[in-house]
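Subject: Structure handover

Hello,

Here is the structure I promised to pass on. Please open it before you read the notes below.

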Amino acid sequence: MAEDKFVIIGSGPAGLSAALTLRQSLADAAVTVITKDVSPPYRPHLLPKIISGEVEEKDIYPCSSNFWNEHRIFLRRAQEVKTIDFDKNFLLLEHRETLKFDGLIIAVGGTPRVPERLGSFRQILWTLKTFKDAKSWRQYVAKVESVLIIGGDLTSLAVTRALLSLGKQVTFAITREALWPLRYDADVVEELSRRLQVRGARTIFFDNFKGISRRPEGDYEVTVSGETLRVGMIGAFFGLVPDVAFLTRSGLTIDRGILVDEYLNTGLENVYAAGDCAQIYHPQIKDYWVSIGFDNAVALGRIAALNLVGCSVKAETSAESIFDRDDVNVNTSWWLSF
Ligand SMILES: Cc1cc2nc3c(=O)[nH]c(=O)nc-3n(C[C@H](O)[C@H](O)[C@H](O)COP(=O)(O)OP(=O)(O)OC[C@H]3O[C@@H](n4cnc5c(N)ncnc54)[C@H](O)[C@@H]3O)c2cc1C
């Protein structure tokens, strides 16, 4: 076991936590973390503050530059895993290199969801997931006066706060499907709208959407909720969905995310999934459930690593929440600070 090659796909909170746990558990094992991100691991919740300029790039990195050497974890950046061969236990990277593994933790996180009815406008809608996205937001937003935010997920509130702090005019088109598959009930929508207005945003409902067109001046005309808006930029915030499209034909069982048991095992020996990409059986709702959030990802990364090295630790659902579905709480409490 000590000489095994452990590979973790993803350098987000789940991947990082898994890598550290592996190192702490097996001093001599080879631990490699692969990420398609160009930047070193960063704190995602600080990205809206990169947009507002409240924090600088150096503040978003949780690991010092010598962290990787100190812990003897090999970090491969800007390397995308294209497929995994589970018969021969190797990964195929985008640049055609193959990489063998004895144990694998998949921690590929989520990607911004854009609902079907907005799909044809995908190229002009701004989302926020990576540090690169945040830098692009920061540059582009400096050129516009007004922004339309469509959605209502957790990130949209932090981004709206950032935009308002920069003096931008924000129209917020609230939709009940932002946290799909949950739906906001009327009380939550009212409370959300009240909080946004107190901060200085204008709120409308995202209904009766007729389309978006680009004007010769470079800004956009959006017809929604019975009115036509002119805005410089449009952000879409409908939550994250597991970023698992590349695994569709790999032999893993994929639904919304990678289906795993309570031990985060995928059904294949020595292959685990953790964080936002894992869909875990939830005994209370009797269904598989994707739980999004930083603390959850850290906890699941640790559990996957412990189980990979022979422990038997069950994943537990989080205690804090503001939403519930069928009396089951969903940990989304972090947006309450808006
Ligand atoms: C802007 C923003 C603000 C947020 N704020 C909060 C907050 O305040 N509180 C909170 O609890 N949560 C917050 N979240 C959610 C939280 O960041 C996520 O739940 C958490 O990052 C999930 O961790 P993860 O490790 O599962 O995945 P991620 O952090 O998404 O990391 C996934 C990793 O996998 C890599 N990857 C994906 N596919 C491949 C591939 N094919 N090959 C190689 N690498 C790949 C990515 O490059 C990345 O390194 C926020 C998210 C965002 C985007």
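The notes below cover the ligand site, the domains and a few single residues.

One caution before the details: this is a predicted model.

**Ligand site**

Start with the ligand. Its shell is made up of 31 residues. Ala14, Val81, Lys129, Asp276 and Phe294 are the closest. Sorted by class, the shell holds 14 nonpolar, 11 polar and 6 charged residues. Two helices to look at here are H1 (13-25) and H7 (294-308). Each of them supplies at least two residues of the shell.

Three polar pairs are worth displaying. At Ser11, a polar backbone atom is 3.0 Å from an oxygen atom of the ligand. At Asp37, a polar side-chain atom lies 3.3 Å from a ligand oxygen. At Val81, a polar backbone atom is 2.9 Å from a nitrogen atom of the ligand. How much of the ligand does the protein bury? Taken alone, the ligand exposes 1,000 Å², and the protein buries 93% of that.

**Domains**

The domain assignment gives two entries for the protein: domain 1 (5-38 + 77-111 + 241-329) and domain 2 (114-238). Their C-alpha centres lie 31 Å apart. Where does the ligand sit relative to domain 1 and domain 2? Both domains give residues to the shell, so the ligand lies between them.

**Asp219**

Next, go to the loop between strand S12 (211-214) and strand S13 (220-224), where you will find Asp219. Is Asp219 buried or exposed? Its relative accessible area is 17%. The cut-off for buried is under 20%, so Asp219 counts as buried. Its side chain makes a polar contact with the side chain of Arg215, at 2.8 Å. Leaving out residues up to four places away in sequence, Asp219 touches Ser213, Arg214, Arg230, Val231 and Gly232.

**Two positive phi angles**

Please check the backbone at Arg72 and Asn89. Arg72 is not a glycine, yet it has a positive phi of about 50°. Its place is the loop between helix H3 (67-70) and strand S3 (73-76). Arg72 is partly exposed, at 47% relative accessibility.

Asn89 is not a glycine either, and its phi is positive at about 55°. This residue lies in the loop that runs between strand S4 (81-85) and strand S5 (90-93). Asn89 has a relative accessibility of 22%. Partly exposed covers the range between under 20% and over 50%, so Asn89 counts as partly exposed.

**Ile258**

Last stop: Ile258, in strand S17 (residues 258-260). Ile258 is buried, with a relative accessible area of 0%. Which residues is Ile258 in contact with, leaving aside its neighbours within four places in sequence? They are Ile106, Val244, Leu247, Leu252, Thr253, Thr266, Ala273, Cys277, Ala278 and Gln279. Asp287 is 29 residues from Ile258 along the chain, and the two C-alpha atoms are separated by 13 Å.

**Where to look first**

I would begin at the ligand, with Ser11, Asp37 and Val81 on display. Then step back to see the ligand between domain 1 and domain 2. After that, visit Asp219 with its polar contact to Arg215, and finish at buried Ile258.

Best wishes

Definitions and conventions:
Residues are numbered from 1 along each chain as its sequence is written. This is a predicted model: local features need pLDDT of at least 70, side-chain atom pairs count only at pLDDT 80 or more; totals for chains, interfaces and linings use all residues. Side-chain values use heavy atoms; hydrogens and water are left out. A residue is near a molecule or strand if one of its heavy atoms lies within 4 Å of it. A polar contact is a pair of N or O atoms within 3.5 Å; within protein, one must be able to donate a hydrogen and the other to accept it, and residues adjacent in sequence count only if both atoms are side-chain atoms. Accessible areas come from the Shrake-Rupley method with a 1.4 Å probe; for residues, only the protein chains shown count as cover. Helices (H or I, at least four residues) and strands (E, at least two) are DSSP runs, numbered from the N terminus. Ala, Val, Leu, Ile, Met, Phe, Trp, Tyr, Cys and Pro count as nonpolar, Asp, Glu, Lys and Arg as charged, and the others, Gly among them, as polar. Domain bounds come from an automatic or database domain assignment. Buried means under 20% relative accessible area, exposed over 50%, partly exposed in between (1.4 Å probe, protein chains only). Contact means heavy atoms within 4.5 Å.
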